[in-house]
Amino acid sequence: MRLFFPACLFHKVTGLYCPGCGGTRAFLYLIHGHPLLSLWYHPFVIYMVFMLVYYVYSGVKRAVFLKKYPATQKGPGFRTWPLWGALIVIAANCIFKNIILLGGGIDPLP
């Protein structure tokens, strides 16, 4: 698949990958049916798909529950674990790709 990918200014200036490097390619590979390539380029895209499925499922489940028990209006509240998970996935991806680039001299995002 030959596509145009805009250059990352941070990568151009420093030679290192920013936390978002590879995200566009990952999204495009995912929508073209290549989930493993998407996972390689940026695992955050796959993480967001799982989070979307989780939130749709929990929203439907909550709506059904509230329809059955309308007196129970107290919701689960704001959960921070998805945000921490996203931060960990993004940071780990950035660190991993820069270690491969600097330590092994291999460009993981050619």
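Colleague: In which helix is the place of Leu52?

Modeller: The model discussed here is a predicted one. Leu52 falls within the stretch of residues 43–68. That stretch is helix 4.

Colleague: Is Leu52 buried or exposed?

Modeller: The relative accessibility of Leu52 is 56%. A residue counts as exposed when this value is over 50%. Because its value is 56%, Leu52 counts as exposed.

Colleague: Which residues make a nonpolar surface patch with Leu52?

Modeller: Leu52 takes part in a nonpolar patch on the surface, with an area of about 360 Å². The other residues that make this patch are Val56, Val60 and Val64.

Colleague: What pattern does the chain follow along the sequence?

Modeller: The chain holds five helices and zero strands. Read along the sequence, the pattern is therefore written with helices, as α-α-α-α-α.

Colleague: What percentage of the residues of the chain count as buried?

Modeller: The chain has 110 residues. Its accessible surface comes to about 8,000 Å², and carbon and sulfur atoms account for 74% of that surface. Of the residues, the part that counts as buried is 25%.

Colleague: Of the contacts between residues at least 6 apart in sequence, what percentage join residues at least 24 apart?

Modeller: The contacts considered are those in the chain between residues at least 6 apart in sequence. Among them, the share joining residues at least 24 apart is 53%.

Colleague: Why are the buried residues of helix 2 placed on the same side of the helix?

Modeller: Helix 2 covers residues 23–31, and its buried residues are Gly23, Arg25, Ala26 and Tyr29. They lie on the same side of helix 2 because the arc they cover around the axis is only 160°.

Colleague: Is Arg25 buried or exposed?

Modeller: Arg25 has its place in helix 2. Its relative accessible area is 16%, and the cut-off for a buried residue is under 20%. Arg25 is therefore buried.

Colleague: What distance separates the C-alpha atoms of Arg25 and Leu37?

Modeller: Along the chain, Arg25 and Leu37 are twelve residues apart. The separation of their C-alpha atoms is 8.8 Å.

Colleague: Which residue with a positive phi follows helix 2?

Modeller: The residue that follows helix 2 has a phi near 85°. This residue is Gly33.

Colleague: How many aromatic pairs are found in the whole structure, and why is the pair of Phe44 and Tyr47 stacked?

Modeller: A search of the whole structure finds five aromatic pairs. For Phe44 and Tyr47, the ring centres are 6.3 Å apart and the planes stand at 25°, so this pair is stacked. The two residues lie in helix 4, three residues apart, which is about one turn of the helix. Phe44 is partly exposed at 23% relative accessibility, whereas Tyr47 is buried at 15%.

Colleague: Which parts of the chain does the pair of Tyr54 and Trp81 tie together?

Modeller: Tyr54 and Trp81 form an edge-to-face aromatic pair, with 5.4 Å from centre to centre and 65° between the planes. The parts it ties together are 27 residues apart in sequence, because Tyr54 lies in helix 4 and Trp81 in helix 5.

Colleague: How does the relative accessibility class Tyr54 and Trp81, and which residue do ring pairs link with them into a cluster?

Modeller: Tyr54 counts as partly exposed at 26% relative accessibility. Trp81 also counts as partly exposed, at 43%. The residue that ring pairs link into a cluster with Tyr54 and Trp81 is Tyr55.

Definitions and conventions. Residues numbered from 1 in each chain as written. Predicted model: local features only at pLDDT ≥ 70, side-chain atom pairs only at ≥ 80, totals over all residues. Heavy atoms only, no water. Helix = DSSP H or I, 4+ residues; strand = E, 2+ residues; numbered from the N terminus. Buried < 20%, exposed > 50% of the residue type's maximum accessible area, 1.4 Å probe, protein only. Contact = heavy atoms within 4.5 Å. Areas by Shrake-Rupley, 256 points an atom, 1.4 Å probe, with all protein chains shown as cover. Patch = residues over 30% accessible without salt bridge, like charges linked within 9 Å, V, L, I, M, F, W, Y side chains within 5 Å. Salt bridge = Lys/Arg side-chain N within 4 Å of Asp/Glu carboxyl O. Arc of directions from axis to C-beta. Phe/Tyr/Trp six-rings, centres within 6.5 Å; stacked < 30°, edge-to-face > 60°.
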